[in-house]
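Thanks for coming, everyone. I would like to walk you through one structure today, so please have a look at it before I begin.

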Amino acid sequence: MTAVESRPAGVLASRSAHRPLGARIKGFVALTKPRIIELLLITTIPVMFLAAQGVPDLGLVLATCVGGYLSAGGANALNMYLDRDIDALMHRTEQRPLVTGIVAPGEALAFGIGLAVLSTVWFGLLVNWLSAALALGALLFYVVVYTMLLKRRTAQNIVWGGIAGCMPVLIGWSSVTNEVSWAAAVLFLVIFFWTPPHYWPLSMKVKDDYERVGVPMLPVVAGNKAVARQIVLYSWVMVAVSLALWPLGYVGWFYPLVALAAGAWWLKEAHALQSRAKAGITGAKLREMRLFHWSITYVSVLFVAVAVDPFLR
């Protein structure tokens with residue numbers, strides 16, 4: 001029987017060893033948060049094309065993607081290990097492997113540390129040691145700075161914790177060039193300013209979950225009007241930074257046109273959310289998830305343009 005047994009809210013299930021093998025394998029895969037890693041690879045691979053000014057070595061692309069998955073997967077597994085207490089209380093996370101008991105806490109801890117070590121060695125031997133250092137730094141930042149220090153203490157948690165999610169841009173560039181350039185720094189900042197307005201709409205949707213467990217996400221400690229105002233502010237800075245790649249001479253005509261069009265649409269959606277928040281609209285009519293879903297499309301379109309631009313110069 002593979003169904004998860006019922007249990008009181010906030011109580012972690014146990015006896016993971018009695019779970020079917022297939023369910024346990026799926027549990028370990030779930031620890032890595034594959035859907036989040038998809039976004040990280042969307043920013044890694046196009047930067048490699050820009051750094052190579054064409055098609056990079058495909059073996060290097062594969063090695064970088066595998067290393068990136070291992071590193072981010074290790075960080076996510078350790079994040080779930082540390083957050084298993086609050087995950088058991090939140091509806092959004094109540095089916096995670098450590099909560100259901102498919103994976104035991106000790107197993108998750110060993111799995112996360114193992115992936116961290118493996119990814120560092122993988123990057124060092126198959127890519128380069130600069131990329132290995134950047135990947136390890138991103139993992140430690142996410143686990144220690146964000147999960148352990150910031151998440152439960154400040155409403156600015158996602159702002160500074162989001163730095164870990166910016167690192168794949170630097171890793172993608174360094175994997176090709178064995179250095180970090182201004183182009184990589186600009187794209188790093190694009191993701192930095194993208195992360196809060198990407199995540200805050202989701203936080204608005206599930207703020208009751210965060211409030212229940214005492215995590216001070218911005219929507220928990222501020223009203224919708226204040227959150228929407230911050231979203232608009234970060235959105236304008238993000239769009240402006242995205243256009244800086246052009247005057248620096250790293251891209252031709254295609255990327256700035258895409259960045260301008262996608263950015264204009266983003267700003268339209270951000271201001272629309274702010275207008276609804278100002279009007280006092282709440283619940284489903286606030287449609288905060290509309291911007292969340294668009295944010296994923298935006299970053300995908302923008303980085304596809306990064307990869308395509310070298311072929312049109």
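I will start with how the model is read, then go from the interior to the surface.

This is a predicted model, in which local features need pLDDT of at least 70 and side-chain atom pairs count only at pLDDT 80 or more, while totals for chains, interfaces and linings use all residues. Residues are numbered from 1 along each chain as its sequence is written, and side-chain values use heavy atoms, with hydrogens and water left out.

The largest nonpolar core has 86 residues, and those with the most contacts inside it include Leu-187, Trp-266 and Phe-303. By such a core I mean a set of buried Ala, Val, Leu, Ile, Met, Phe, Trp, Tyr and Cys residues joined through side-chain atoms within 4.5 Å, where buried is under 20% relative accessible area, exposed is over 50%, and partly exposed is in between, with a 1.4 Å probe and protein chains only. Its largest share, 14 residues, comes from helix H10, residues 182–205, helices being DSSP runs of H or I with at least four residues, numbered from the N terminus. Apart from this core lies another, of 9 residues, among them Tyr-81 and Leu-98.

Is Asp-209, in helix H11 (residues 207–213), buried or exposed? Asp-209 is buried, because its relative accessible area is 6%, and, leaving aside neighbours within four places in sequence, Asp-209 is in contact (heavy atoms within 4.5 Å) with Leu-89, Met-90, His-91 and Arg-92.

Leu-58, by contrast, is found in helix H3, residues 58–82, and is exposed, with a relative accessible area of 62%.

Conventions
Helix = DSSP H or I, 4+ residues; strand = E, 2+ residues; numbered from the N terminus.
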